[in-house]
Each structure stands twice: as structure tokens, then as C-alpha cells.
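Visitor: I have a protein on screen and a few quick questions about it. Can we start with one histidine and work outwards?
Guide: Sure, go ahead.

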Amino acid sequence: MTTPTLHVVARIVAQAGCEAGLRSVLLDLVNQTRQEAGCIRYDLFQNPARLVEFVTIEEWQDEAAIATHLAGNAVQSALARSASLLAIAPEIVSYVKISA
């Protein structure tokens, strides 16, 4: 039996007027993250009806890969660069796929 991968959904909300700046930071993070060990998929979305709202939908090999990612330079740099752009703290939730 194979170990299921982990899926992460992160919701990130910009302050009004800061959408472009946050988008730039998040796109840089996407490019860096996709190169990380254990990253299977990392995609960024923006809500077309609410442009301040971004979501990453991610797939990781295991918890260790996620922990390494969150503690890594790419995430820490993105958090520092986006601190003044965020309306609220990012909401990050992990899931295990249960359907085929």
C-alpha cells in the first residue's frame, strides 16, 4: 500500500490596492517552490470576482516536505515581502485525498 500524498490549500488575502504586489510575491514563490524536493504540484489561483483573494492548491509527498517548505527560505522571504500587503494571516489547511 502506498502512502497517500498530502494536499494543501492556502488562502491568502491582500489588502485592497495591494493585489499586484502580492501577486508578484506569490508568483515568485510558485517558481521557487516547484523546484523543492517533495513538491508534486503547486498552483496559484486568483478569484476573478474578488481580486484580493488568492489560493494555492498544492500536492506534497509527505509532511516532512511540507515542513521543510514552510521553514525554507522561499516561504520565509515571501512572508517578509508580503507582510505589509496582507489583509489577514494566510489560512493553510492540509488534506488527504480519499476518493479515486
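Visitor: Which residues is His7 in contact with, leaving aside its neighbours within four places in sequence?
Guide: Arg41, Glu58, Glu59, Val93, Ser94, Tyr95 and Lys97. Contact means heavy atoms within 4.5 Å. This is a predicted model, where local features need pLDDT of at least 70, side-chain atom pairs count only at pLDDT 80 or more, and totals for chains, interfaces and linings use all residues. Residues are numbered from 1 along each chain as its sequence is written, and side-chain values use heavy atoms, with hydrogens and water left out.

Visitor: Where is His7, and is it buried or exposed?
Guide: His7 sits in strand 1. It counts as buried, at 16% relative accessibility. Buried is under 20% relative accessible area, exposed is over 50%, and partly exposed is in between (1.4 Å probe, protein chains only).

Visitor: And what about His69?
Guide: His69 is in helix 2. It has 4% relative accessibility, so it counts as buried. Not counting residues up to four places away in sequence, it touches Leu29, Thr33, Glu36, Tyr42, Trp60 and Val75.

Visitor: What does Leu29 touch, with the neighbours within four places set aside?
Guide: Tyr42, His69, Ala74, Val75 and Ala78. Leu29 is also among the residues with the most contacts inside the largest nonpolar core.

Visitor: How many residues are in that core?
Guide: The largest nonpolar core has 24. Others with the most contacts inside it include Ile12, Phe54 and Trp60. Strand 1, helix 1, strand 2, strand 3, helix 2 and helix 3 each supply at least two residues of this core. By nonpolar core I mean a set of buried Ala, Val, Leu, Ile, Met, Phe, Trp, Tyr and Cys residues joined through side-chain atoms within 4.5 Å.

Visitor: Switching to pockets. What volume has the largest one?
Guide: About 280 Å³. A pocket is found on a 1 Å grid over the protein atoms alone: an open set of points where a 1.4 Å probe fits, with protein on both sides within 12 Å along at least five of seven lines. Lining residues have an atom within 4 Å of a point. Points are joined across faces, edges and corners, and the volume is the space filled by probe spheres set on them.

Visitor: What lines it, by class?
Guide: The lining has 17 nonpolar, three polar and one charged residues. Ala, Val, Leu, Ile, Met, Phe, Trp, Tyr, Cys and Pro count as nonpolar, Asp, Glu, Lys and Arg as charged, and the others, Gly among them, as polar. Leu29, Tyr42, Val75, Leu79 and Ile92 lie nearest the pocket's centre.

Visitor: Back to helix 2. Is Leu70 buried, exposed or partly exposed?
Guide: Leu70 is partly exposed, at 36% relative accessibility. It touches Val75, Gln76 and Ile92, not counting residues up to four places away in sequence.

Visitor: And Ser84, where is that?
Guide: In the loop between helix 3 and strand 4. Ser84 has a relative accessible area of 56%, so it is exposed. Its C-alpha is 9.1 Å from that of Ala14, 70 residues apart along the chain.

Visitor: Last one. In what order do the elements run?
Guide: From the N terminus, β-α-β-β-α-α-β. Helices (H or I, at least four residues) and strands (E, at least two) are DSSP runs, numbered from the N terminus.
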